[in-house]
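User: I would like a close look at one part of this model. Please keep it simple and show me how each step follows.

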Amino acid sequence: MQGDAELTAAQAHGMAAGMLCVNEQAQSAAWLTELFRHGTPVSDQNKEVLTHLFEETRSLLASDEFEFDLLLPDDETLLSEQVEALTHWCQGFLLGVGFTQAASDWSRETIEILKDIVEFTKLDTEAEGEEDESDFMEITEYIRSAVLLLRSELNKEDARQKTKGEKTA
(Lines give C-alpha, C1' and ligand atoms only; values in the text may rest on other atoms or scores of the structure.)
Protein backbone atom coordinates (compact mmCIF):
# COMPACT_ATOMS: atom_id res chain seq x y z
CA MET A 1 0.00 0.00 0.00
CA GLN A 2 2.92 2.33 -0.60
CA GLY A 3 1.14 4.14 -3.43
CA ASP A 4 -0.74 6.39 -1.01
CA ALA A 5 0.92 6.77 2.38
CA GLU A 6 -2.15 8.49 3.81
CA LEU A 7 -4.24 5.33 3.51
CA THR A 8 -3.86 2.47 5.98
CA ALA A 9 -4.52 -1.20 5.26
CA ALA A 10 -7.43 -1.11 7.72
CA GLN A 11 -8.95 1.91 5.99
CA ALA A 12 -8.58 0.31 2.56
CA HIS A 13 -10.24 -2.89 3.78
CA GLY A 14 -13.03 -0.90 5.42
CA MET A 15 -13.61 0.90 2.13
CA ALA A 16 -13.85 -2.41 0.26
CA ALA A 17 -16.29 -3.78 2.84
CA GLY A 18 -18.40 -0.61 2.67
CA MET A 19 -18.58 -0.70 -1.12
CA LEU A 20 -19.51 -4.40 -1.09
CA CYS A 21 -22.14 -3.93 1.62
CA VAL A 22 -23.98 -1.44 -0.53
CA ASN A 23 -23.40 -3.19 -3.84
CA GLU A 24 -22.39 -6.83 -3.84
CA GLN A 25 -21.62 -6.42 -7.57
CA ALA A 26 -19.05 -3.65 -6.92
CA GLN A 27 -15.87 -4.07 -8.93
CA SER A 28 -12.35 -4.09 -7.56
CA ALA A 29 -11.29 -1.66 -10.31
CA ALA A 30 -13.53 1.07 -8.82
CA TRP A 31 -12.06 0.39 -5.38
CA LEU A 32 -8.49 0.53 -6.68
CA THR A 33 -9.20 3.77 -8.52
CA GLU A 34 -10.55 5.32 -5.32
CA LEU A 35 -7.68 3.96 -3.22
CA PHE A 36 -4.98 5.46 -5.41
CA ARG A 37 -6.78 8.57 -6.64
CA HIS A 38 -4.16 10.88 -5.15
CA GLY A 39 -1.22 8.50 -4.96
CA THR A 40 1.30 7.03 -7.32
CA PRO A 41 0.09 4.20 -9.56
CA VAL A 42 0.19 0.75 -8.02
CA SER A 43 2.36 -1.99 -9.53
CA ASP A 44 0.69 -4.90 -11.31
CA GLN A 45 1.88 -7.26 -8.57
CA ASN A 46 0.36 -5.09 -5.82
CA LYS A 47 -2.79 -4.63 -7.88
CA GLU A 48 -3.14 -8.41 -8.05
CA VAL A 49 -2.74 -8.74 -4.25
CA LEU A 50 -5.26 -5.98 -3.62
CA THR A 51 -7.74 -7.42 -6.11
CA HIS A 52 -7.45 -10.76 -4.30
CA LEU A 53 -8.15 -8.99 -0.97
CA PHE A 54 -11.23 -7.31 -2.48
CA GLU A 55 -12.56 -10.59 -3.89
CA GLU A 56 -11.82 -12.44 -0.64
CA THR A 57 -13.73 -9.73 1.24
CA ARG A 58 -16.66 -10.18 -1.17
CA SER A 59 -16.60 -13.93 -0.57
CA LEU A 60 -16.43 -13.64 3.21
CA LEU A 61 -19.24 -11.09 3.33
CA ALA A 62 -21.44 -13.42 1.25
CA SER A 63 -20.59 -16.51 3.32
CA ASP A 64 -23.27 -18.03 5.53
CA GLU A 65 -20.52 -19.12 7.93
CA PHE A 66 -20.03 -15.70 9.62
CA GLU A 67 -16.38 -15.76 8.52
CA PHE A 68 -16.03 -12.06 7.70
CA ASP A 69 -13.61 -10.19 9.94
CA LEU A 70 -12.10 -6.71 10.00
CA LEU A 71 -8.53 -6.37 8.72
CA LEU A 72 -6.86 -5.10 11.90
CA PRO A 73 -3.48 -5.62 13.58
CA ASP A 74 -3.17 -8.85 15.57
CA ASP A 75 -3.50 -9.18 19.34
CA GLU A 76 0.25 -8.84 19.85
CA THR A 77 0.07 -5.19 18.71
CA LEU A 78 -0.39 -2.47 21.32
CA LEU A 79 -4.07 -1.95 22.10
CA SER A 80 -3.79 1.75 21.26
CA GLU A 81 -2.58 0.83 17.74
CA GLN A 82 -5.41 -1.68 17.36
CA VAL A 83 -7.95 0.97 18.35
CA GLU A 84 -6.41 3.47 15.95
CA ALA A 85 -6.62 0.88 13.15
CA LEU A 86 -10.27 0.26 14.06
CA THR A 87 -11.04 3.98 13.74
CA HIS A 88 -9.34 3.93 10.32
CA TRP A 89 -11.33 0.84 9.32
CA CYS A 90 -14.57 2.61 10.25
CA GLN A 91 -13.55 5.72 8.29
CA GLY A 92 -12.82 3.57 5.26
CA PHE A 93 -16.09 1.71 5.64
CA LEU A 94 -18.07 4.94 5.69
CA LEU A 95 -16.14 6.19 2.64
CA GLY A 96 -16.94 2.96 0.81
CA VAL A 97 -20.63 3.18 1.66
CA GLY A 98 -20.78 6.85 0.66
CA PHE A 99 -18.72 6.32 -2.48
CA THR A 100 -21.07 3.60 -3.66
CA GLN A 101 -24.46 5.06 -2.75
CA ALA A 102 -25.90 8.18 -1.22
CA ALA A 103 -28.47 7.59 1.53
CA SER A 104 -31.87 7.21 0.00
CA ASP A 105 -34.62 5.07 1.47
CA TRP A 106 -32.44 3.48 4.12
CA SER A 107 -34.22 1.92 7.07
CA ARG A 108 -34.01 3.44 10.52
CA GLU A 109 -31.88 0.45 11.60
CA THR A 110 -29.40 1.03 8.75
CA ILE A 111 -29.09 4.71 9.65
CA GLU A 112 -28.58 3.88 13.34
CA ILE A 113 -25.82 1.37 12.56
CA LEU A 114 -24.06 3.88 10.31
CA LYS A 115 -24.33 6.51 13.07
CA ASP A 116 -22.72 4.02 15.48
CA ILE A 117 -19.87 3.45 13.02
CA VAL A 118 -19.41 7.23 12.74
CA GLU A 119 -19.07 7.33 16.53
CA PHE A 120 -16.45 4.57 16.41
CA THR A 121 -14.28 6.81 14.22
CA LYS A 122 -13.93 9.02 17.31
CA LEU A 123 -12.71 6.35 19.74
CA ASP A 124 -9.99 7.36 22.19
CA THR A 125 -6.84 5.70 20.93
CA GLU A 126 -5.13 5.99 24.32
CA ALA A 127 -6.56 2.61 25.29
CA GLU A 128 -4.80 0.27 27.69
CA GLY A 129 -5.70 -2.32 30.29
CA GLU A 130 -8.13 -5.21 30.47
CA GLU A 131 -11.30 -3.11 30.54
CA ASP A 132 -10.33 -1.20 27.39
CA GLU A 133 -9.31 -4.47 25.74
CA SER A 134 -12.69 -5.98 26.57
CA ASP A 135 -14.47 -2.88 25.22
CA PHE A 136 -12.37 -3.07 22.04
CA MET A 137 -13.34 -6.71 21.50
CA GLU A 138 -17.03 -5.91 22.06
CA ILE A 139 -16.93 -3.02 19.59
CA THR A 140 -15.10 -5.13 17.01
CA GLU A 141 -17.69 -7.91 17.30
CA TYR A 142 -20.52 -5.36 17.09
CA ILE A 143 -19.04 -3.87 13.91
CA ARG A 144 -18.48 -7.29 12.40
CA SER A 145 -22.12 -8.26 13.01
CA ALA A 146 -23.37 -4.82 11.97
CA VAL A 147 -21.52 -5.00 8.65
CA LEU A 148 -23.13 -8.34 7.83
CA LEU A 149 -26.55 -6.99 8.79
CA LEU A 150 -25.98 -3.84 6.70
CA ARG A 151 -24.97 -5.94 3.71
CA SER A 152 -28.20 -7.89 4.00
CA GLU A 153 -30.32 -4.75 4.53
CA LEU A 154 -28.73 -2.58 1.85
CA ASN A 155 -28.79 -5.28 -0.80
CA LYS A 156 -32.42 -6.04 0.06
CA GLU A 157 -33.21 -2.32 -0.36
CA ASP A 158 -31.29 -2.26 -3.64
CA ALA A 159 -33.40 -5.16 -4.92
CA ARG A 160 -36.60 -3.33 -3.86
CA GLN A 161 -35.45 -0.20 -5.73
CA LYS A 162 -34.84 -2.23 -8.90
CA THR A 163 -38.27 -3.84 -8.56
CA LYS A 164 -39.89 -0.40 -8.18
CA GLY A 165 -38.05 0.79 -11.29
CA GLU A 166 -39.25 -2.20 -13.30
CA LYS A 167 -42.88 -1.61 -12.25
CA THR A 168 -42.80 2.02 -13.35
CA ALA A 169 -41.10 1.28 -16.66
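What covers the buried residues of H2?

Analyst: A caution comes first: this is a predicted model. Now the setting. The chain has six helices and zero strands. Along the sequence, that gives the pattern α-α-α-α-α-α. The part you ask about is helix H2, residues 28–35.

Start with its buried residues. They are Ser28, Trp31, Leu32 and Leu35. Where do they point? Look down the axis of H2: its buried residues fall within an arc of 95°, so they line one face of the helix. The cover over these residues includes helix H1, residues 9–22, and helix H3, residues 44–62. That answers your question. The cover includes one helix numbered before H2 and one numbered after it.

Now step back to the whole chain. It has 169 residues, and 38% of them count as buried. Its exposed surface is about 9,900 Å², with 48% supplied by carbon and sulfur atoms. Contacts also reach far along the sequence. Take those between residues at least 6 apart: 75% of them join residues at least 24 apart.

Aromatic rings offer another view of the packing. The structure holds four aromatic pairs. One of them is Trp89 with Phe93, and this pair is stacked. Their ring centres are 5.3 Å apart, with 15° between the planes. Both residues sit in helix H4, residues 79–100. They are four residues apart, about one turn of the helix. Both are buried. Phe68 joins them: Phe68, Trp89 and Phe93 form one aromatic cluster.

Compare the rings of Phe120 and Tyr142. Their centres are 5.8 Å apart and their planes meet at 75°, so this pair is edge-to-face. The angle decides the label, because planes over 60 degrees apart count as edge-to-face. This pair links distant parts of the chain. Phe120 lies in helix H5, residues 108–120, and Tyr142 lies in helix H6, residues 129–168. The two are 22 residues apart.

Are these two rings' residues buried or exposed? Phe120 has a relative accessible area of 14%, so it is buried. Tyr142 has 33% relative accessibility, so it counts as partly exposed. The cut-off explains both labels, because buried means under 20% and partly exposed lies between that and 50%.

To return to H2: its buried residues line one face, and helices H1 and H3 are among what covers them.

Methods. Residues are numbered from 1 along each chain as its sequence is written. This is a predicted model: local features need pLDDT of at least 70, side-chain atom pairs count only at pLDDT 80 or more; totals for chains, interfaces and linings use all residues. Side-chain values use heavy atoms; hydrogens and water are left out. Buried means under 20% relative accessible area, exposed over 50%, partly exposed in between (1.4 Å probe, protein chains only). Contact means heavy atoms within 4.5 Å. Accessible areas come from the Shrake-Rupley method with a 1.4 Å probe; for residues, only the protein chains shown count as cover. Rings of Phe, Tyr and Trp (its six-membered ring) pair if their centres lie within 6.5 Å; planes under 30 degrees apart count as stacked, over 60 as edge-to-face and the rest as tilted. The arc is that of the directions from the helix axis to the C-beta atoms.
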